[in-house]
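I opened the notebook to look up how the ligands are held and which residues lie out of reach of solvent. The entries are kept in the order in which I looked.

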Amino acid sequence: MSRVARMISGTGRKAIMTGIVIVGTQWGDEGKGKATDQLGESVDYVVRYSGGNNAGHTVVVAGQTYALHLLPSGILNPGCVPVIGNGVVVDLGVLFEEIDQLMARGVRADRVLISANAHVIAPYHRVLDRVTERFLGKRKLGTTGRGVGPAYADKVNRIGIRVQDLFDESILRQKVAACLEQKNALLVKVYNRPAISATEVADELLQYVDRLRPMMTDTSVVLNDALDQGKVVLFEGAQAHHLDVDFGTYPYVTSSSPIAAGACIGSGVGPTRIDRVVGIAKAYTTRVGEGPFPGELLDEAGEKLRQDGGEFGTTTGRPRRCGWFDALVVNQAARINALTDVFLTKLDVLTGWDKIPIVVGYQVNGNRLTAMPMTQTELHHAQPIYEYMDGWTEDITTKRSFSDLPATTQAYVLRLQELIGVRISGIGVGPGREQTIMIHDLL
Ligand code: GDP
Ligand code: IMO
Ligand code: MG
């Protein structure tokens, strides 16, 4: 038996695992929400550690579809405590709308805990997000327009508003006024837009104080205590490795650190408490918004993947750009996130192809690369090099074990595992919670 076949057929290490990170390995929308929810039953806490309501996580439970933007996907498991960590930027209007919608469907969503240090997305962040995109014209990033980038910019610029600021009205009013002094000058003089009233912004934020009071806490204390007691804490990444502000395809990235290391910064839990890092990889590749995507298919094959996979954004409804699985993309994520496991999603979407290509290299200025290039210029010039695997026609959505999959499907999964260099521990064969093949226990 080859080393790779052993990795997939073995029973895996059985030890007490308590700190687990779930991270996207491509450009988002890999199915992180489903993977988090799937593990949720055995998890005590689920923490969002970065991003804001730019995320869209669709989870299907008992035929019911839930689209979550800000709340951790663990909210759908009644035994699990959902936590919004300090690394998240919170649009309070969106938060309470999401909570109310879930409550109306019978989910006790008001049990969420929110870090006092989380930053707030204020109305002027949303305005600036849209105005700057318009101003950039052809150079726009294709953001979700939710104000996420401007909110993080204020955080780093030390003029942000934190959840705790809402509990000191006088401080809040001073901070909003100081921040708007600068922003209004920009809006009026550069962008030719009306000024925003500091009083109105502060009043809007203050209306959430009563509902926030029971939720706000020092989530770092809560999570470290939980880990001390041997509870299982799952850190649910939003966005993905290649949207990371440091390691993604900068500047076509989001403004936070979705990578696994971001789980520590965004929740106040130290790196030695993380036992596993599970990378979520779609069986093909998608991307929303602008930016380089060497394997992008602009032909009917791309359109077929989009239709078969339902590749339309959960947050903005935009059609997702599609391509075949890119081993270089996931391989870099495996290295930088020190993945211990991969969860391969949407394998069922590939049913029906005669041959399934895999990107195994890039041609860049006459050179063949087998790892992502160092510079943006090289990535923009990269042409994909493919190898071809045999496809399958049999419906796999009802399969629940690896050995039940058609031989060519197994061969495809084993080849991906070999290219990524990390064991594949779970496979998604449909959107439902139960449509999963587990190969190695993650807990
Ligand atoms: P996330 O942002 O990473 O949580 O992913 P999204 O929810 O934005 O996009 C993933 C989509 O694929 C959702 O509509 C999921 O319901 C769906 N999905 C997840 N896993 C699978 C799978 O294994 N097969 C199929 N067909 N759909 C899946
Ligand atoms: P989930 O968690 C896919 C992309 C946007 C844009 C870039 C910057 O569902 O995987 P932003 O609004 O963050 O400033 O936009 O990042 N983007 C996502 N793409 N899935 C996401 O989240 C995304 N969150 C942001 O499309 O290209
Ligand atoms: Mg998504």
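The entries below go from the ground rules to the two ligands and then to single residues.

**Ground rules**

I am working from a predicted model, in which local features need pLDDT of at least 70 and side-chain atom pairs count only at pLDDT 80 or more, while totals for chains, interfaces and linings use all residues. Residues are numbered from 1 along each chain as its sequence is written, chains are lettered from A and ligands numbered from 1 in the order in which they are written, and side-chain values use heavy atoms, with hydrogens and water left out.

**Ligand 1**

I began with the shell of ligand 1, taking a residue as near if one of its heavy atoms lies within 4 Å of the molecule. There are 18 residues around ligand 1, of which Lys32, Gly33, Gly56, Thr58 and Asp348 come nearest. By class I noted 3 nonpolar, 8 polar and 7 charged residues, where Ala, Val, Leu, Ile, Met, Phe, Trp, Tyr, Cys and Pro count as nonpolar, Asp, Glu, Lys and Arg as charged, and the others, Gly among them, as polar.

I then looked for polar contacts, meaning pairs of N or O atoms within 3.5 Å; within protein, one must be able to donate a hydrogen and the other to accept it, and residues adjacent in sequence count only if both atoms are side-chain atoms. A polar backbone atom of lysine 32 is 2.8 Å from an oxygen atom of ligand 1, a backbone N or O atom of glycine 33 also lies 2.8 Å from an oxygen atom of the ligand, and for a polar backbone atom of glutamate 30 the distance to a ligand oxygen is 3.1 Å. On its own ligand 1 has 580 Å² of accessible area, and the protein covers 91% of that (Shrake-Rupley method with a 1.4 Å probe; for residues, only the protein chains shown count as cover).

Ligand 1 sits in the second largest pocket. I used pocket for an open set of points, on a 1 Å grid over the protein atoms alone, where a 1.4 Å probe fits and protein lies on both sides within 12 Å along at least five of seven lines; a molecule sits in one if more than half of its atoms lie within 2 Å of its grid points.

**Helix 2**

Which elements supply at least two residues each of the shell around ligand 1? I found helix 2 (32-40) and strand 3 (57-61), with helix 2 giving the most, 3 residues. Helices (H or I, at least four residues) and strands (E, at least two) are DSSP runs, numbered from the N terminus. Helix 2 is largely enclosed by the rest of the structure, because 8 of its 9 residues are buried, which here means under 20% relative accessible area (1.4 Å probe, protein chains only). Among the buried residues of helix 2 are Lys32 and Gly33, both also listed as nearest to ligand 1.

**Ligand 2**

I next counted 20 residues around ligand 2, of which Lys32, His57, Thr144, Gln239 and Thr254 come nearest. A polar side-chain atom of lysine 32 lies 2.7 Å from an oxygen atom of ligand 2, whereas the backbone of lysine 32 provides a polar atom 2.8 Å from an oxygen of ligand 1. Glutamine 239 has a backbone N or O atom 2.8 Å from an oxygen of ligand 2, and threonine 254 has a side-chain N or O atom at 2.6 Å. The protein covers 97% of the 550 Å² of accessible area that ligand 2 has on its own. The space taken by ligand 2 is the largest pocket, and its shell divides into 7 nonpolar, 10 polar and 3 charged residues.

**Single residues**

Threonine 345 is in strand 14 (residues 341-345) and counts as buried at 5% relative accessibility. I noted that its side chain reaches the backbone oxygen of glutamate 30 at 2.4 Å, and glutamate 30 also has a backbone atom facing ligand 1 at 3.1 Å.

Serine 425 lies in strand 18 (residues 424-428) and, at 1% relative accessibility, counts as buried. The side chain of serine 425 makes polar contacts with the side chains of aspartate 341, at 2.6 Å, and arginine 423, at 3.3 Å.

Lastly I looked at helix 14 (residues 407-420), where leucine 416 has its place and counts as buried at 0% relative accessibility. The C-alpha atoms of leucine 416 and aspartate 326 are separated by 9.4 Å, although the two are 90 residues apart along the chain. Glutamine 417 is also in helix 14 and is buried, with a relative accessible area of 0%.

Terms used: 1 Å grid on protein atoms, 1.4 Å probe; cavity = no way out; pocket = protein on both sides within 12 Å on 5 of 7 lines; lining within 4 Å. Buried < 20%, exposed > 50% of the residue type's maximum accessible area, 1.4 Å probe, protein only.
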